Amino acid sequence: MSETALYFTGPETVDHRPVNVDPAPTEVVVETDASAISAGSELLVYHDEMPTDLPVDESIEAFDDTFEYPMRYGYAAAGTVVEVGSDVTDSWLDRSVFAFRPHQTRFVADPDDLITLPEGVSAAHGSLLPTVETATNLVLDSEPRLGESVVVFGAGVVGLCTTRLLSAFPLNELVVVEPLAARREAATAMGADRTVTPETAAAELGDCDLAVELSGEPAVLNDAIDAVGYDGRVVVGSWYGEKRAPIDLGGSFHRDRIELVSSQVSTIDPARRGRWDRERRFDTAVEWLDRVNCERLISHRIPFEQAADAYELLDDHSEPALQVVLTY
């Protein structure tokens, strides 16, 4: 069966290409209803700023092996099971599911690799599950504590979801640093006690206990380091790809014993693996999906056939865009 997949074919170029979707007896066919674009990692692929010496993601079998054009990418597809293999029970038919799959009209999957969406959750909202899972991992790695002052740098969708989860903790203050007014407004709606611009952050912050860097810009790491006080913690959730910026580690960072923590959703912190695994973390994200205002996060729904327009929109900032979802 021939279907269509989105391929990144060169810098700032995408194309629709035919792919075969032939299920094995143990697999099902899912018709995609919506897939979310990651404005972070996917724009790195779009700009050819991914490190070519790393595998794409060893935990997701559907990906191509390396970051080389042409390649399929994307990891947030939600749809409906429309066909089952001979060894799969018919109870899977018509089930609404989520899968870590690239942007594609239909795909095959082992049922064990699918997550059944809760009743009443739309495909568009279900496609945000990886974002909520990333935020869950960030909060686990951040270890927010009673009465702490926390600052989040960046109010993209990951930053907003992280803000929402952090707002559930009994913190002293939760601040979000973001240059765009609309995103600052969204951060307030997600539970931030206050928001500031990058230009005023240095004057308004300082001596925080925890900073979470989610801007995607390596230079902002300096601001995050400056925002925490003695024995403070900086959790870096941004993936910078091949982007570089000078980082000042010669000032307060060294004498103030500031801790830098790398947080990435592909793995669980070894210190937590006795109680947490990927299944528990994802189940937690599913539970939080209803508590995050997904509809507020989705700024654009664009047909799959017009995917090139979606990436241009995210790239040139011709209009404010937060979460772009492809519809099918």
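Analyst: UniProt annotations may be inferred rather than shown by experiment, and their positions follow the numbering used here. With that understood, the unreviewed UniProt entry places "domain: Alcohol dehydrogenase-like C-terminal" at residues 158-267. The model itself is predicted.

User: What makes up the chain over residues 158-267?

Analyst: Helix accounts for 34% and strand for 25% there, and the end C-alpha atoms lie 17 Å apart.

User: How do you know that S8 and S11 pair?

Analyst: Pairing requires at least two bridges. Strand S8 (residues 149-153) and strand S11 (residues 208-213) have four bridges, in the parallel sense, so they count as paired. Val151 stands opposite Ala211 in S11.

User: What makes the sheet an open one, and which are its edge strands?

Analyst: Six strands run in the order S10-S9-S8-S11-S12-S13, with parallel pairing. Strand S10 (194-196) and strand S13 (259-262) each pair on one side only, which puts them at the edges. Neighbouring strands are turned by 20° against each other on average, direction ignored.

User: Which strands do helices H3 and H4 lie against?

Analyst: Helix H3 (residues 129-142) lies across S11, strand S12 (228-236) and S13, at about 155° to S12. Helix H4 (residues 157-166) packs on the sheet and touches S8 and strand S9 (173-177), with its direction at about 165° to that of S8.

User: Why is H4 called mostly covered?

Analyst: A residue is buried if its relative accessible area is under 20%. Eight of the ten residues of H4 are buried, so the helix is mostly covered. Among them are Val157, Leu160, Cys161, Leu165 and Leu166.

Note on methods: Residues are numbered from 1 along each chain as its sequence is written. This is a predicted model: local features need pLDDT of at least 70, side-chain atom pairs count only at pLDDT 80 or more; totals for chains, interfaces and linings use all residues. Side-chain values use heavy atoms; hydrogens and water are left out. Helices (H or I, at least four residues) and strands (E, at least two) are DSSP runs, numbered from the N terminus. Axes are lines fitted to C-alpha atoms, for helices over the stretch in contact, and angles run from 0 to 180 degrees between N-to-C directions. Contact means heavy atoms within 4.5 Å. Buried means under 20% relative accessible area, exposed over 50%, partly exposed in between (1.4 Å probe, protein chains only).
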